[in-house]
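I opened this model to see how its strands and helices are arranged. My notes follow in the order I looked things up.

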Amino acid sequence: MHILYLIFVDPFVQMAGAPDLLVQTLWEGLVGGVLYALIALGFVLIFKASGVFNFAQGIMMVFAALTLVGLYEKGVPAWLALILAIGIMYLLALAVERVVLRPLVNQPDIMLFMATFGLTYLLIGLGEFVFGGNPKEMPVAALGLPKGSLDFKILGGLVSLQKIDIAAAVIASAMVAGLALFFQHTRIGRALRAVADDHQAALSVGISLNQIWVIVWFTAGIVALATGIMWGARSDVSFALQVISLKALPVLILGGFTSVPGAIVGGLIIGIGEKLGEFYWGPLVGGGIESWLAYVLALAFLLFKPEGLFGEKIIERI
Amino acid sequence: MFYREVGQFKTSYAADQAIFPIRQDRIGLALILLVAFVAIPLLGGEFLIASVMIPFLILALAAIGLNILIGYTGLISLGTAAFMGVGAYACYKLSTLFPQVNILVWILTSGFIACAVGVVFGLPSLRIKGFYLAIATLAAQFFLQWCFGRVGWLYNYNPSGAIEVPGHSLFGVAVTGPSATPVTRYYVVLCIVVAMTWIASNLVHGRIGRNWMAVRDMDIAAQLMGIRLLPAKLLAFAVSSFYAGVAGALMVFIWLGAAEPEAFNINLSFLLLFMVIIGGLGSLLGSFFGAALIHILPIIVRAAPNALGLSVGSATVEHLTYVITGALIIFFLIVEPHGLARLWQIGKQKLRAWPFPY
Amino acid sequence: MSGGEILLDVEHVSLAFGGVRAINDVSFNIARGEIRAIIGPNGAGKTSMLNVINGFYHPQHGRISFHGKTRARMKPYEAASQGIARTFQNVALFKGMTTLDNILTGRSLKMRRNLFWQMLRHGPALAEEIEHRKFCEEIIDFLEIEHIRKAPVGTLPYGLQKRVELGRALAMEPTLLLLDEPMAGMNLEEKQDMSRFIVDVNQHFGTTIALIEHDIGVVMDLSDRIVVLEYGHKIADGTPDEVKSDQKVIDAYLGVAH
Amino acid sequence: MRTLNKAALALIATTALTASALPAAAEDSIFVPLFTYRTGPFAGSGISIADGMHDYLSMLNERDGGIGGVKIAVEECETGYDTKKGLECYEAVKPKHPVMVNPWSTGITLSLIPKASVDKTPILSMAYGLSASAMGDIFPWVFNPPDTYWDGMSMILKYIAAQEGGGMEKLKGKKIGYIYLDAGFGKEPLPFLEQLQKDYGFETKLYPVAPAEMQNQAAQWLNVRRDRPDYMVMYGWGALQPTAIKEAVKINYPMEKFLSIWWPSEEDAKGAGEGATGFKTLNWHAATANFPVIADIQKHVADKGKSQAPKAEIGTVLYNRGVYNSMLIAEAIRTAQKITGKKVVDGEDVRRGLEGLNVDAARLKELGMDGFAGPIKLTCADHNGHRPTFIQRFDGTKYVKVSDWIEPLNDKVEPLLQADAKAYAEKNPSWPKRTEACDSKP
């Protein structure tokens, strides 16, 4: 009985007892979720446009951030490093299209998936080779990002919001809005959606698939860079971040592989869910459950709704 | 000229149903076994045996397990390392609870425990497919790895949090622990791997293997042949996890000697996946090719600068290994998406036609 | 042959996907030993009907009796074990396997040796394998596909794939064989071959056949009885001659087509 | 193709040959392999240590022509902190007869411990690895000076008690948070903490951080906020440490009460900016470059471009840790030369050298390390030394010593070590009894 009390009652008593901590937990989960959502977003973009399950999205995040910080450490001014990093993401998109996608077009999905595995290794090796393997500090101030925190003495306690986290949320929202506008109102954006709906149809209206791929990988690269800056500011920039980026995968399960709103909502659910789980239920089993909670949540969810939150129901035809 | 089945007529279906119907293949297999059982232990240095062959064979065994799942049944798994871990921890528990029992018995038994755990995590495979299943298996990976670290009973509450392999001997010869010579350990691994490869080969060439492949190629049609999807998929999970479990037990008991939960981390799962894909999906031979490439290539890359008399920093070599591995994966996928096993077949086909290419 | 023992009885079956009604209160039966054709324009619910018969779809209303037994919801593999085999409109072969292996999967239900013997592949398991290989070889001979025995089916031309698929269904020794457009996309010669196989199967093995086909000429020649569907409704049922002269059929289908 | 197979075999054979052919060239040198990790998730800590170890030995070669006139053949092997690669490194260096190995990973150490006595290669796991291996009677081939993790914990607690104004009894009723890497190393102090908690009546709160989640600690620190421990103790490594310090700053945890075992570097603290001031760690050696030994490294190695270390790294905590590690290596070899009278010593000799290791104040002065670290003496029974350490405080840019030398609680540590060492030997029925003779008379 006691164990049931600990599982089903006690955590809620704690939540009610210290609402400031609950709010803080939700906020931390929200910020983590925003970052997961951004990684998932880059993934969804690529999956929609080229049908590639891009395992390397997480590594692209680290690679982009590492390029930025690495250049900065080599004495390049922050603004220039940012521009150069964006440029390198563009080159990467070009290279991926030319070297990986083009020769592998029409191969089964799993081959392209594996190719992005190869890309992952390549980027890790290359990134560490050029910039060294030691963790690097994100030049937050030089990039014009805020430091410090906003403290609110409310709810009988303290809720402390890091300015960098607020910035992350704002930038993420701006980015999502920007992407939405881009898709709705530009020629390229419409072309991208056309490709997502039907490759053949897109070809027949005279859009080069190759160009689309470059653009989409580049866009995903920029999203990766933004994510990398935000996460790098929270801890350090190193390839240890790669494991965290795997958390974007359960987000995708929740949100579906092709849904942008799904990626965002899924990210928030996973982010908040795992923080609540770790904070209120984790101590029951000795803590550290955050490493798997997201996956188990996603798995449980899958069993009931295999197509994801916003995915279309798949009717099997024979 | 030399590799040709012309003139080899089969007079019975039994001969035609054999796994190696062509005589030259059988000779080749005999030669490889001869090299593996005689030449390598006789001529190979300790490094070759302990750091190249033993890991290679163990990884190949795990890759065969994964190949049964991915290559034969079409179920992608990213949790192989965790199932290896289950085998390793099960073997540790069993062998410390009952130290007097023959260690080989426990290594095989731990395969069955991994098998049971694998079936549990295979249950969702009926409802979810493809990449979704791949991500779902990550739940097994992270959850099991957490258990290895958190459930003290599993590692006998050792203060180090690791499992340490006690010495065990077989017919008076030490097979685990420090006093086991590399050659002994090599023979133990080799015998198990050869036997289990033979069994896997029997399975995939018979009814069960055909059922798996039917599920892989067209699950709807498979059902119409009377194949029940859940049992077929669960059997694939079970057999696959059994192989992973035995490989995991061997990894700790014969190869590493001690292990922390991190030994079974996600990177190992990924490496095994590479081996299967690069080697060739749905090919047992490919599992060996893949394991050889992924395990041995970095060793060669690391040894190359020394051998060439270049002085390159060890870190640089490591970075280059990553770059080269990554580039090779992409290269192989482009050149031959069906893996090294297919290259091998094409090679054989060429040889069959040689010296007249048409 | 009509008027013989009823093998399969479909009574008032209705099937809907969401709001779309695919089959609406259709009843008909198949007698043992006959060749029964189901025809109708595209979207008439023919394939859905076959899917209902072998358990892929579960009708919302109506009953189906096979061998005189009325069944509740049935899984496809249960249909298979009761002796219903099937080919598909778009070939559904196991593309990564050889012709022989494809046909051998048809024997899956007949093979009894357990995991243990399968692992050894000696003694009983091998004997069983050889025994079934012999049976499959007979089918291969019958369908005249000896030359592609060891070829991966993914590489075969369409006509041959259809033949292999028929072979795979035959390997199950079915009581009822459902053929979904077995001649779609074939040239005249291939159609003649296929027709010959169908008649032979029916006559030599005594297999009852339900057939969907668009080539009315073939249907009229082959079948004993024909059921005509349109928009999920049954509009006619009878011998080829009866159907040919049915005004509703002429309006709905034949009149338009010819 | 058959030829392909042959080619593959030939390749393997060549590698195996080259691997075993190399040592022939280095007959009159002493081979010291250094297992390092400049890559992987822990590279942040690993690079400085690797540089320090490497540079000190290179300096001896450049300045003195080696040890006792014999050149030291140094070879780095990259482990990436991965046990499998570490074992591969071990097998790769084994044919070249290393006089000792420095695994620099608890996981690799655990795998190598049983091999040491068989291969006659001593293991020097400096302040990491298996704590119980301090017991020389059971682990004649394993050395872990100058302190075990249990010693470390006891010294941290002693310091906390002193801050509270007295002896260990002052800990009563205090709440101590323990944030640790959820792997072997971080978990090792748990039984010790449990014991002390009973003895002194304080309360511990555990905050494990999974290796995969090192950079994602928000939940742990929220727990800290809720539990409000009086002190926080950290056993971290790699990216865990900077992230933890940042999170601590974020929740406004009083940094003066945040203490760590000896692994954080300056870089780890700097990331958190001003807020990290006051953060404290244990240490047993200096964290500056103002010593003759460092000057010599600068002059003979760094200035000649033979060091991989950037200038700013020389003299930092972990660089100096590497230097100290290499000093122990060198002194063990020198002692071995003295005991055996041989110039070119082997693993067996160096094991004796390590057991006879006695670096006193005078010797430290000779080494140019006066004030760099305290003296250390190992014996056949004690392979650790259990040396006192001090607390250093981060002042915003560097660490400054802020306490006197603190002695570990030997009476608490010793019984646990003994029990643990015994348990280790018992769990391994074939564990060899010590047969190695002892040089130093007690």
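I began with helix 1 of chain C, residues 46-53, in this predicted model. I found that helix 1 lies across strand 1, strand 2 and strand 4 of chain C. Against strand 2 of chain C, I read an angle of about 65 degrees.

Next I looked up the sheet in chain C. It is an open sheet of four strands, and I noted the order 2-1-4-5. The pairing is antiparallel. Which strands stand at the edges? I found strand 2 (20-31) and strand 5 (69-70) of chain C there. Each has a single partner strand, so one side of each is left without a neighbour in the sheet.

I then checked one pair within this sheet. Strand 1 (residues 6-17) and strand 4 (residues 61-66) of chain C are antiparallel and share five bridges. For Asp9(C), I noted Ser65(C) in strand 4 of chain C as the bridge partner.

I moved on to chain D. Is strand 5 of chain D, residues 175-181, largely enclosed or left open? I found six of its seven residues buried, so strand 5 of chain D is largely enclosed by the rest of the structure.

I looked up the partners of strand 5 of chain D. With strand 6 (residues 203-209) of chain D, strand 5 pairs in the parallel sense over seven bridges. Here Tyr178(D) stands opposite Leu206(D). With strand 7 (residues 231-235) of chain D, strand 5 also runs parallel, and five bridges join them. I noted Tyr180(D) opposite Tyr235(D) in strand 7 of chain D.

How values were computed
Residues are numbered from 1 along each chain as its sequence is written. Chains are lettered from A and ligands numbered from 1 in the order in which they are written. This is a predicted model: local features need pLDDT of at least 70, side-chain atom pairs count only at pLDDT 80 or more; totals for chains, interfaces and linings use all residues. A residue is buried if 20 or more other C-beta atoms lie within 10 Å of its own, exposed if 12 or fewer, and partly exposed in between; C-beta atoms are placed from the backbone. Helices (H or I, at least four residues) and strands (E, at least two) are DSSP runs, numbered from the N terminus. Two strands pair if DSSP finds at least two bridges between them. Two residues are in contact if their C-beta atoms, placed from the backbone, lie within 7 Å. Axes are lines fitted to C-alpha atoms, for helices over the stretch in contact, and angles run from 0 to 180 degrees between N-to-C directions.
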